[in-house]
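Here is a quick walk through one model, written for someone who likes to have the file open while reading. Load it up and follow along.

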Amino acid sequence: MIKEFNMLITGVGGQGVILMSELLGKSAVKEGLKIRGSEILGMAVRGGSVTSVIRIGDEVYGPLIPMGKCDTLIGMEPSEALRNIAFLSKSSLVILNTAIIVPFTVSLGQSQYPRLEVILDKLNSASSQIIKLDANHLAREAGSLLTANIVMLGALFGTELLPIKMATIKETIQARFPAKAVPVNFKAFDLGYQACRQALK
Amino acid sequence: MKQLTISSDAPGERLFVLGNEAIARGAIEAGVQVAAAYPGTPSSEILETLAGVAKELDIYVEWSTNEKVAFEVALAASICGVRAMACMKHVGVNVAHDPLMTASYIGAKGGLVLLSADDPWAWSSQNEQDTRYIAEQGYIPILEPSSVQEAKDMMADAFKLSEEFRHLFMVRSVTRVGHARSDIVLGEISRERRKGSFEKDPSWLVYTPAVARRNKPLMIERFEEIKKRVNILPYNQLRLADRARLGVIACGLSYSYALEAVKWLGVEDRVSILKIGTPHPLPEELVTRLLKSVGEILVVEELDPFVELHVKAIAQEEGILVKIHGKDLVPVVGELSTAKVTEAIARLTDSKPPVDFAELDKLEQETAPLLPWRPPALCPGCSHRASLYAIKTASKKVARDYGKDVEPIYPGDIGCYCLGVNPPLEAVDTTVCMGGSFGIANGLAHVVEAPIIAHLGDSTFFHAGIPPLINAVYNKANITMVILDNSATAMTGFQPHPGTGYTAIGDETILLKIEDIARACGVKFVEVIDPFDLKKATDTIEKAIRFDGPAVIVSRRLCTVIEQREKRKRKEKVIPYLVDQDKCNIKCDACIELLGCPAITKQDGKTIIDSSLCTGCGICAQICPYKAIIEERE
């Protein structure tokens with residue numbers, strides 16, 4: 001029996017949050033796992049907050065994670081991770097891309113972006129551990145900023161908490177991208193994976 | 001190995017899909033031959049999925065001009081013996097309401113299914129409407145899925161049930177079904193393709209008063225038969241617990257939350273559960289059995305107390321005295337969740353949730369003030385930003401002639417451009433429904449003295465903008481009607497429409513020009529502008545507002561998302577703009593404060609343009625008083 005495992009991927013429209021959940025979902029199905037989830041987004045995706053819910057387990061029914069029941073939160077953007085703090089518990093793991101995206105309302109003087117330390121403090125007190133990485137930097141190192149989501153996916157696998165084999169997710173990535181984009185994505189995945197292993201040492 | 005897709009005839013295989021893809025798959029399995037829709041979140045992906053396999057599977061798929069037409073297209077196919085469906089969002093059902101109420105008298109020959117996608121919490125809608133009331137009004141049975149798998153299964157079954165009972169069926173989806181993701185087990189695909197034949201039968205199809213009077217009782221008879229059947233449909237399931245004092249009646253998706261809640265609270269042996277898959281008509285026998293077996297009932301459903309009221313009616317009818325809870329404990333606004341259902345069941349079972357929700361609520365509230373506001377915004381390079389800016393500039397100028405304190409009024413509509421309500425544009429004064437901008441403008445013209453400039457998108461114009469435009473001409477409403485033509489139904493995912501020259505399946509067709517329609521409707525002032533030529537656009541809009549009588553402006557610029565996509569395909573480079581810091585007056589901020597473009601931000605006191613976001617539209621360069629914004633040339 002597969003135990004309930006709840007993940008939230010949070011970020012900003014355009015960061016590839018939905019794609020991450022697609023890759024995870026397809027891989028989970030290949031492994032014979034039961035999977036439930038949902039996309040939570042507002043009116044126009046672009047620039048707004050986006051959350052994707054992924055739940056694995058034999059006794060998972062609903063498409064949403066109850067508050068306080070998220071096992072792993074994958075934050076593509078610090079303030080968006082903080083926005084979902086109520087889903088965390090003291091046993092949750094947070095994997096955080098530390099690269100911030102400041103919304104235009106801050107330039108307009110309508111809101112403020114908190115200091116990164118404040119975000120980290122809050123998330124720290126609400127979870128068991130934060131794995132921090134600059135996924136944007138690693139993505140550029142891999143060859144394209146667009147692969148920051150794949151870096152984060154690699155980091156998620158670096159936790160070795162998922163009941164999905166590395167070979168399976170790589171197979172899914174390979175099938176999803178045009179052949180010439182595969183090496184960049186694999187590199188991004190590996191960089192994220194290593195960064196996470198390093199952080200966990 | 002061939003990759004599994006939504007059209008694979010591979011019964012028993014598992015596929016990871018979006019809820020709306022599952023709904024499309026159900027229709028495919030049922031052998032649907034005609035599918036029509038107007039795009040609307042959260043329903044759009046259903047028809048998009050069908051359009052993608054239309055040629056391969058020989059299905060006629062169309063984007064109709066509006067939901068009424070879409071439903072009529074499906075109804076006609078059904079009358080001719082062909083399996084057909086129409087899909088729409090909840091408010092779309094209002095547009096189709098007129099034919100729906102008579103279609104239920106007609107019933108169905110070929111299986112006829114209406115898919116309504118409700119949007120609790122109004123994630124991308126103007127209201128949270130419970131369409132089950134509309135179905136009830138028309139004696140239309142409803143199937144309401146509890147999961148993505150069931151959405152597929154119900155969709156396939158709905159066609160069979162519709163044919164068996166010769167009656168129209170509705171499948172009610174909600175955002176958290178249509179936009180849920182799950183693995184599903186595929187069923188067999190029906191390859192049956194029928195040739196439609198029209199049988200002339202006025203006593204069936206011509207709704208004169210006499211025919212209506214004759215056919216209403218027949219419709220009710222069919223409905224009574226369906227009422228008996230729902231008691232044994234697998235979608236309704238009663239599970240009685242031995243020691244139960246509480247009975248939970250959970251409708252549709254709420255069933256998944258109820259199951260988790262009961263398990264989470266560890267009260268499985270103390271709570272009986274009735275799963276409802278047909279909120280209308282309810283399985284009365286099952287409801288009665290549950291009512292008789294417990295001391296208290298909790299009805300769990302999203303949005304309005306639809307099932308709750310019917311359960312109360314059954315209790316009264318059967319003379320059962322039992323306390324029935326529902327919306328007193330479960331919110332009537334917004335989406336439900338396992339947490340909300342857990343709280344309600346905990347109260348009625350004297351059990352304690354393993355998680356302290358109050359604590360988490362407090363944490364959320366404490367955190368909220370720290371978070372930056374990240375509303376959805378018009379994209380960088382969006383032509384609507386330029387159009388709305390030009391409208392405001394021109395109308396403010398004209399308003400001064402009306403009097404010192406006169407403000408122009410901007411009735412708006414449904415589409416991306418309603419984001420123009422936010423600062424700094426603030427160019428939307430009303431948003432009610434599709435086409436409502438022109439309709440409201442008509443009314444305003446007869447009661448207020450101010451420039452009235454209404455705007456709506458191209459797809460919205462074809463959907464519901466033409467009758468109020470004609471009304472303005474006929475009734476001499478002195479208004480300016482601007483069509484923001486970006487050649488796409490952008491908000492819902494860039495679907496084609498009559499102004500694009502392409503059909504749902506990508507075939508070329510006649511391209512209708514909005515300016516031609518406006519002229520044909522008798523509008524005497526019709527001009528086409530390019531919003532990216534701000535000066536000329538503003539001058540032309542000013543002339544339109546000053547024109548005595550209804551005037552039409554077509555503001556035409558391709559949606560920037562599509563344009564960027566096409567540029568990438570053509571390997572054409574985008575030349576972004578940058579701020580010449582030597583010329584920029586850091587105290588000015590006009591570009592930021594007037595346009596609100598996400599690409600323009602302040603960094604360390606300097607105004608900068610994010611070159612990764614800038615599409616090179618150049619609007620900011622046109623308004624910069626210091627000519628400090630210039631093209632970035634290598």
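In which loop of chain B is B:Pro424 found? Look between α16 (383-402) and α17 (436-445) of chain B: B:Pro424 is found in that loop. Keep in mind that this is a predicted model. The bond that joins B:Pro423 and B:Pro424 is a cis peptide bond, and there is another such bond between B:Thr41 and B:Pro42. Here are the two side by side.

| Cis peptide bond | Omega |
|---|---|
| B:Thr41 and B:Pro42 | about 5° |
| B:Pro423 and B:Pro424 | about 5° |

B:Pro42 has its place in the loop between β2 (34-37) and α2 of chain B. One more backbone oddity is B:Ala122, with a positive phi of about 45° although this residue is not a glycine. B:Ala122 lies in the loop between β5 (112-118) and α6 (132-137) of chain B.

Now for the sheet. Chain B has an open sheet of 6 strands, paired in parallel, in the order β3-β2-β4-β5-β7-β6. At its edges are β3 and β6 (142-143) of chain B, each of which pairs on one side only. Helix α2(B) packs on this sheet and touches β2, β3, β4 and β5 of chain B, with a direction that makes about 135° with that of β3(B). Inside the sheet, β4 (residues 84-89) of chain B runs parallel to β5(B), and 6 bridges join the two. One pair to click on is B:Met88 with its bridge partner B:Ser116 in β5(B).

On to a helix pair. Helix α3 (residues 67-79) and helix α5 (residues 97-106) of chain B pack at an angle of about 15°, and their axes are 10 Å apart. That angle is why α3(B) and α5(B) count as roughly parallel to each other. Their crossing is left-handed. From α3(B), the contact is made by B:Lys68, B:Phe71, B:Glu72, B:Leu75 and B:Ile79, while α5(B) brings B:Asp98, B:Pro99, B:Leu100, B:Ala103 and B:Ile106. By type, the residues of this contact are 7 nonpolar and 3 charged, with no polar ones.

Zoom out to the domains. The assignment splits chain B into domain 1 (14-231), domain 2 (236-369), domain 3 (383-567) and domain 4 (573-631). The centres of domain 1 and domain 3 of chain B are 33 Å apart, taken over C-alpha atoms. Between these two domains of chain B, 18 residues of domain 1 are in contact with 18 residues of domain 3. On the domain 1 side, α2 (44-57), β3 (60-63) and α4 (90-95) of chain B each supply at least two residues. Helix α2(B) gives the most to that side, with 6 residues. That side of domain 1 of chain B is made up of 9 nonpolar, 6 polar and 3 charged residues.

Last, the interface between chains. Here 45 residues of chain B are in contact with 47 residues of chain A. Elements that each supply at least two residues of the chain B side include β1 (14-18), β8 (180-185), α11 (254-265) and β19 (600-603) of chain B. The chain B side divides into 26 nonpolar, 10 polar and 9 charged residues. There is strand pairing across the interface too: β2 (residues 35-41) of chain A runs antiparallel to β8(B), joined by 3 bridges. To find the spot, look for A:Ser38, which stands opposite B:Ala180 in β8(B).

Methods
Residues numbered from 1 in each chain as written. Chains lettered and ligands numbered in written order. Predicted model: local features only at pLDDT ≥ 70, side-chain atom pairs only at ≥ 80, totals over all residues. Domains from an automatic or database assignment. Contact = placed C-beta atoms within 7 Å. Helix = DSSP H or I, 4+ residues; strand = E, 2+ residues; numbered from the N terminus. Nonpolar A, V, L, I, M, F, W, Y, C, P; charged D, E, K, R; others polar. Pairing = 2+ DSSP bridges. Axes fitted to C-alpha atoms, helices over the stretch in contact; angles between N-to-C directions. Parallel < 35°, antiparallel > 145°, perpendicular 65-115°, else oblique. Left-handed = near helix turned anticlockwise from the far one by under 90°.
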